[in-house]
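Here's a quick walk through one structure, starting at a helix and working outwards. Have the sequence and the 3D view open as you read.

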Amino acid sequence: MTSPTTPPLSAERLLRLSIRDLEWRDAVTGDLREEFAELTRRRGVAVARQWYWRQSLALTARFAAGRVIPAVTPRRRTGVAELEAMSLGSGWVREFRHAWRALWQRPGLSAVIIGTLALALAANAVIFNLADALYLRPFRFAEVDRLVVIASDTSSDKPYFDRESVAPADFQDWTRVATSVRELVALEWWDPTYSGVERPEQVHGFRVSPAYFATMRVQPLLGRTFTAAEGRPEANRTVVLSHAFWQRRFGGDPTVLGKTLRLGGAPHVVVGVMPPRFAVPYGAEVWAPLGYDEAGWAERRRGFLMTFGRLAESQTLESARAEMAALAARQSTEFPETNRLRKVTLVSFSRGLGDDAVGPFVAIWQAAAALLLMIACANIANLLLARGTERQPEFAIRLALGAGRTRLALQLLIEGLCLAALGVIAGTGLAAVAIRFSRDFLPPTVVRFVPGYEFIRLDLATTAAVAAFGAAATVIFSLVPALQASRAAASGALLGGTRASTAPPGRQWMRSLLAGAQVALTLALVVASALILGAVNRAANGATGFDKRNLITARLTLPEGPYADAQRRRTFSARVLETIRALPSVTDAAVISALPYTNLAASRTLFLDGQPADDATPRTVDLQRTTPEYFSALRIPLVAGRNLSDGDGPEAPRVALVSQKLAEEYWPAQDPIGRRFRLEKDGDWVTVVGVVGDVLQDWFTGKRLPTVYRPLGQDPTFSMTFVARTSGDPLLLADAVRRAVTAADPDQPIENLATMDDVIRAKVTGIDYFARVLTVMSGLALVLALTGMYSLMSYLSARRTKEIGLRLALGATRQQVMWLTANRAGRITAGGVLAGVALATMLSRVMQSALFGLVSPSAAVLVGAVALLTAVTMAAGYVPARRAARQDPWVALRTE
Amino acid sequence: MKPTPYVGEFEYAVLLAVMHVETDAYAVPVRAVLEERTGRPVARGALYTALERLEAKGCVRSRMGDPTPERGGKARRYFNVTPLGVKALKAMHASLASLSKGLEAVLEQP
């Protein structure tokens, strides 16, 4: 006999699910397996599998229908209690059937309601998913909730959380003393060049404390992590690879262990590979041990380490914060010179590694999604109210026949549930598409810096949330009609029948309120998204202080090993510049240490000649190193003095240009030319030779920071960006620029080759994404408000058909009749707009403070939004009004 | 004393088939006997339904066998006819016989 073949397992699983009795489950599936094996022997696997599917489906259908094998327990005689339970059960079924029929009576109305609900639920699903993935749970590995990020705050002029701020000596102190946070590890950015191979590239990575992976509670997939001995200078030439990097560069070859890679110009031995999806932090591809010597760890002045730790047993974030604050206070008295202004911030891992702006963004998104759901609920409630009025006679008859009022209310609630169930199904489908879209919309360049990006997908949590939102919405939108129905008067409605020309005033008031609320909520949303869009536009296209058009830029970092000698860095940049300048369409070419807008410029403290240093308010400036042609390439004006020149070489006197802002701030109403300053306490004196225009260095704060430009020749940096102005399309030069770099050093990769336009655009991607999502939502809200107003107005004028006919017959003009309906639409709009203006003003204030002053309330935007809302709602009211006025009075009078 | 249960036509056939298989009657051979003797296809679901009902009426008794590898580790459910089942068979037989009495001329025509 051949070895037993397995039948289609999914078919079997399905079948097993449908049989409740365990013994029967085994007996039936066993029988099928036996016959399957026999059939396989006789007719082959393919036939047998087909047969198995047919049989199991037929059996599943039979068992699932509950016709067979009903209960494990032996049957008892049916008692009274069971009879009652049964009747209740069938009662529920009846209720649902009844509700179903009621919905089918007005398929159009039901479709509108389901569609509205689906749209609002899908929007909420997308936002829920984004919030969950990007903000609430961006990291999903073991015990991540006990991990914390610790940072030092030195100055309050940065509005965001600076996580690379811990001084090595402070870190050492904490490791020794802190008890509430243990297993502290330090990290330093390390994006080395991977060279010595055919395609050299810049890889993303970190130098970390040897215990890093232990603190993160991850085990390597292959090999090992670092030993304590490797955390020493010269011993730290080992590297652990990420799964993605291992797959990409080595095709998942397990023999990679022990291989030597040239990273940052130095050989590193591969000791381990991490499991898939561990790329913490920031899409890390390689990790190597930190290797400071005694002196390195004693550094207390500069803070640049990222620090992670684990909360000790029974400690909370708050207790750890208290201990760290006390520690910081002690350090500040012990080392007043360096630590006097330093405070310690301790946040959860998710918060610490996420973008600071994500929190407020997500909060505003969620507020917007909630508003949208409320608008949808108001809309649906209004439609159901209208429908309820239409069904008065039906309710009256049921009441007269002895149905309880609770029963009627329950009936409406069940109808609402049916609608919601369909809405949830449609909404989930829509959400799947929308989430996919919102994921693909994020450009690949920023994905590395979006923790939780991989969790943007329709998952179980999101589906459950949609269902929960749907259930909540049902309660909201069916409550009003249910209450209305339970108050229905049997006799009145029966007598009046459908002839009751208008609903009682109370109910009309409720409807107008709902419609007005929609207008108000929509107005607030429209204003919010317009403000954000304005901010994005300002950030991308606003005044920058330079001409961003027709510029190609290439950023790279020279490896420290081979380029340790400053002269080699000078030669490299000079050679590349020479080649680029020779290109036909290039008009100017220069090198700058950090492009404006990128936020990469180095900060220094300025010590002025003849002015005492004030420790309380250190004079922080941005330090740039550049070549003379930079200012003509970016069209930054020279305001006073002379430009840098090629003569400002290493042997020449130390000189610098300063930005206008710096000159005004430190030498107000004086001639800055010829003044001297130092960039370090005991550094060389530098003489100011010229003043140049201000440039926006950091788009986020929008501040024009005081900036010092030193000649690259006197202070050559490792990290540099080549900039060239061209007469044509800058992208056409991309290949030529790449070749220029390769010609100077074939091992040197380019980190980022892009036009200046793209550099700026990449910077505003996050907020742009945020703004677009919000805009889509306010667009949806506008559509919902429009349909809401339209359906209410058409309903109301339809209800008043007879009255309008009478008025027309008695000589009212069409204008007067139109006024009847339009007047009402106008009043609702006016009320809604008034409330909306108040709401929008409040919301824009909240946004202003939550988004770091990025947006500011604008009267023009508010006026525009009011005009838009008024136009839209009045248009929605106008169409039904005109229809009412156009009708033939005779026909109108005879309608029931 | 339990009243003699009434069995339907298909259940009657299933009872007879179980008796034919004698020892170790489980669904697969029972169905084979049914199809062979009646010449009609028998749906598996219908057979399981009938067996379950017969057991509920007390006409058959079942026990679980040992799991075997060719069944994917699932046990067989063996059936045998109880005295009550035999009684029900006899009753059915008797009523059919009494009903057909006097119709032999029609029924026994080829």
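Let's start with helix H20 of chain A, in what is a predicted model. The buried residues of H20(A) pack against three elements of chain A: strand S14 (586–592), strand S23 (719–726) and helix H23 (734–744). Which residues of H20(A) are buried? They are Phe572(A), Ser573(A), Val576(A), Leu577(A), Thr579(A) and Ile580(A). Around the axis they cover an arc of only 165°, so they sit on the same side of H20(A).

The length of this helix checks out too. H20(A) runs over residues 566–581, and at 1.5 Å a residue its 16 residues should span 22 Å; the end C-alpha atoms are 22 Å apart, so the two agree.

Now for the cores. The largest nonpolar core has 163 residues, and the members touching the most others are Leu117(A), Leu372(A), Ala524(A), Val527(A) and Ala528(A). Helix H13 of chain A (residues 358–390) gives the most to this core, with 19 residues. Apart from it there is another core, of 48 residues, including Ala186(A), Val240(A), Trp246(A) and Leu290(A). As a general point, nonpolar side chains tend to be buried together in soluble globular proteins.

Ala528(A) deserves a closer look. Setting aside its neighbours within four places in sequence, Ala528(A) is in contact with Ile364(A), Ala368(A), Leu774(A), Leu843(A), Ser844(A) and Met847(A).

Next, a bit of backbone geometry. Most residues other than glycine have a negative phi. Two residues to check against that are set out here:

| Residue | Phi | Place | Other C-beta atoms within 10 Å |
|---|---|---|---|
| Glu183(A) | positive, about 55° | strand S2 (residues 181–189) of chain A | 19 |
| Ser314(A) | positive, about 65° | loop between strand S11 (306–311) and helix H10 (317–334) of chain A | 7 |

Neither Glu183(A) nor Ser314(A) is a glycine. Are they buried or exposed? With a count of 19, Glu183(A) is partly exposed, because buried takes 20 or more. Ser314(A), with 7, is exposed, because the limit for that is 12 or fewer.

Last stop: where chain A meets chain B. The contact takes 20 residues from chain A and 17 residues from chain B. On the side of chain A that touches chain B, helix H2 (22–43) and helix H3 (45–64) each supply at least two residues, and the largest share, 11 residues, comes from H2(A). By type, the residues on that side of chain A divide into eight nonpolar, three polar and nine charged.

Methods:
Residues numbered from 1 in each chain as written. Chains lettered and ligands numbered in written order. Predicted model: local features only at pLDDT ≥ 70, side-chain atom pairs only at ≥ 80, totals over all residues. Core = buried A, V, L, I, M, F, W, Y, C linked by C-beta atoms within 7 Å. Helix = DSSP H or I, 4+ residues; strand = E, 2+ residues; numbered from the N terminus. Contact = placed C-beta atoms within 7 Å. Expected span 1.5 Å × (residues − 1). Arc of directions from axis to C-beta. Nonpolar A, V, L, I, M, F, W, Y, C, P; charged D, E, K, R; others polar.
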